[in-house]
Each structure stands twice: as structure tokens, then as C-alpha cells.
Amino acid sequence: RRDGIRLTTGFTATVNADLSVGGLEETITVSGAAPVVDVQGVQDQQVFSGATVLALPIGKNQGIYATLIPAATQGNLANQDVGGTKGESTQIFAVHGGRAAETYQLRDGLYFGEHIGNAANFAASVNPAIVQEVSVQMTGGLTAEAQSGGVVINAIGRDGGNEFHGSVNADFGHRELQGNNIGADLKARGAFLTGTLRKLYDVGFGFGGPLKRDRVWFFGSARKWETSNFQAGNYFNKSPNPLFYEPDRSRPAYDRNLAQELSFRITWQVADKHRITATTRYEYNCNCNFNISTGQFSPEAAGNNWYPPLKSNQGSWTYAASN
């Protein structure tokens, strides 16, 4: 018997056992060395616990793991996130020269991307409070039928437990907390504004516990956040005639990303080897003034991508088929 063995996503544990010897009749010496090649799998992945994600001073979307993985590169350098300043539109990244557009997102192993911008995952809002761990699969694929040859991000939800526990997380930023390197020489060359914060906040909480001890548990979460940045060198038109352009220095262009999330999960331990889970989610998001950050759109030409309320329901049955 071995206690306290923790199995993370996609990990196979090797558990050794020592058998006591009766009467000693013969001595056998066995020597060995660690294999050079893993003969059980070719996966390359990293697993981040929910506590680690909450503790790190980083943004909370799925693409922020690019900052934690060696050899990972952002799909678009204009979307480089610092502390959550880019919202949900920066979730794609590449590893080992792969294609960033093939970043796929899973929820408890289920592909969750078609109705949130396909592989780009522009509008997904995973609340860190409900995440038990996140597995970032970089190479090897989950199976031969994997949907993508790129990065696969799998967020595993929390089940609650026999004690009531909760968490609250809040992030806030303001342009008065930022530095400014615009001096007289830069103003003389036409630079009046850096890429400064317009608005940044992120508030979320989660709470869970038993409905019936050792048998049924619940966990719920809610989250709301917004990020908005002024764009250097881009201004609204001050001229009343739309055929002519006069920059309005008092009205710099800005992007705006909104996200809301509600989720609820129930876990039922039917028997020792049978577990059933049911999860429901509600999300409402907007990539407003979309693509302003690329520098290729005026504020009047940038559209608002409002995503209708995204409702999803997911169920699973787990059975440990062994003796």
C-alpha cells in the first residue's frame, strides 16, 4: 500500500514495492541504470497547479503560460501581455517552432474552441478559482487523433471536498502606477503618449464543499474583468468633416476587452471506482475596438466583437477499470 501519491494530468507514476524475504538461501546482485529514452510516452508537458496560477503576478488567460515555459513565443508581438493588460485576445502561442494558430484549449479534456474563435480562443474566460490544475501539452499530442499539432492547454476543474473552502482574487492597475518616458525631445518628434493603461481590474471568487460527505460535492465560481489600453500615436478625428483628419490629442484611441464568467460543478462519488461530474458555464465577452493594438485601424474603423452569452454544459463518468 502506498499513500499520498498525486497523479497530475497525463502523468504515469511508477510505484515500486519491496517484498520481504523468508529464509535466505541465495544472494543475487542486480544492477541497472535509468533508461535514456522514455519507453512509455513521448509527451512534453508542464502542469501548473491552481494555487501556483493564483500566486503568480501574471495575467489569468490561458495564453499567459507562454511566459512560464522555455522556448514558448507569443503568436503576435503586439499582444505581449504584462500583468493581464491584453485580455482574452492573446491566448495563442507557439513552442519549438510550431504554429501559434494551432493552440487548442480543452476543459477537463473536452475540446472547447469552436464557438470562441476556433483555435484563436479569443473569448474564453476560465476563472482561475475553479481550476485544480492546468496541463500544457507542447509536443507529442494526447493521442493519434489529436486535433492539433501545436500547443494543447487542458484546464482541469475543482471538485470541492468534505470541507467548505473558498478563495477571492482581485487584481487592479492604473496609469498612475506606470512610468512615462515621454520627454521634450520625443514630444518635438510627435510623440505625446505612451501605451498607457485606461482601465484594468480582475475580480473572481470560488467556493465549494460537501452536499453529502464522502459522496457528493459542489464548487461554484464567478469572475468579471476588464482591460483597456490607450494606443500611442492613434487618435480620434477632431475634424467635423470626415474627409479630413485632424488628431484629437484629448481623445487617444484605445482597445477594450470585457469578460464575465459563472460556473457550477457537481461531483458524485457513486461507488469506489465510479465518479460522475456535471459542469455548467455561462460566459459573456467582448473584444471591443478590436485590432486597434495592431496599429492598422483608426478608432472609427475598429469594430466591437460582442460574443453572445456562451452557455455550455459538460458531463463525465470516470471508472477505474482494474482489479
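The following paragraphs look at two aspartates with positive phi and at the surroundings of one asparagine in a predicted model.

Going along the chain, one may begin with Asp 108, which sits in the loop that joins strand 4 (104-107) to strand 5 (110-111). Although Asp 108 is not a glycine, its phi is positive, at about 55 degrees. The relative accessibility of Asp 108 is 25%, and because partly exposed covers the range between under 20% for buried and over 50% for exposed, this residue counts as partly exposed.

A further positive phi occurs at Asp 214, where the angle is near 65 degrees in a residue that, again, is other than glycine. Asp 214 belongs to the loop between strand 9 (197-212) and strand 10 (216-237), and with a relative accessibility of 48% it counts as partly exposed.

Strand 10, which follows that loop and spans residues 216-237, also contains Asn 237, and here attention turns from backbone angles to side-chain contacts. The side chain of Asn 237 reaches two backbone atoms: the nitrogen of Ser 239, at 3.0 Å, and the oxygen of Phe 244, at 2.8 Å. When neighbours within four places in sequence are set aside, the residues in contact with Asn 237 are Pro 242, Phe 244, Tyr 245, Glu 246, Arg 251 and Glu 300. Phe 244 therefore appears both in this list of contacts and as the residue whose backbone oxygen is reached by the asparagine side chain, under a definition in which a polar contact is a pair of N or O atoms within 3.5 Å.

Conventions
Residues are numbered from 1 along each chain as its sequence is written. This is a predicted model: local features need pLDDT of at least 70, side-chain atom pairs count only at pLDDT 80 or more; totals for chains, interfaces and linings use all residues. Side-chain values use heavy atoms; hydrogens and water are left out. Helices (H or I, at least four residues) and strands (E, at least two) are DSSP runs, numbered from the N terminus. Buried means under 20% relative accessible area, exposed over 50%, partly exposed in between (1.4 Å probe, protein chains only). A polar contact is a pair of N or O atoms within 3.5 Å; within protein, one must be able to donate a hydrogen and the other to accept it, and residues adjacent in sequence count only if both atoms are side-chain atoms. Contact means heavy atoms within 4.5 Å.
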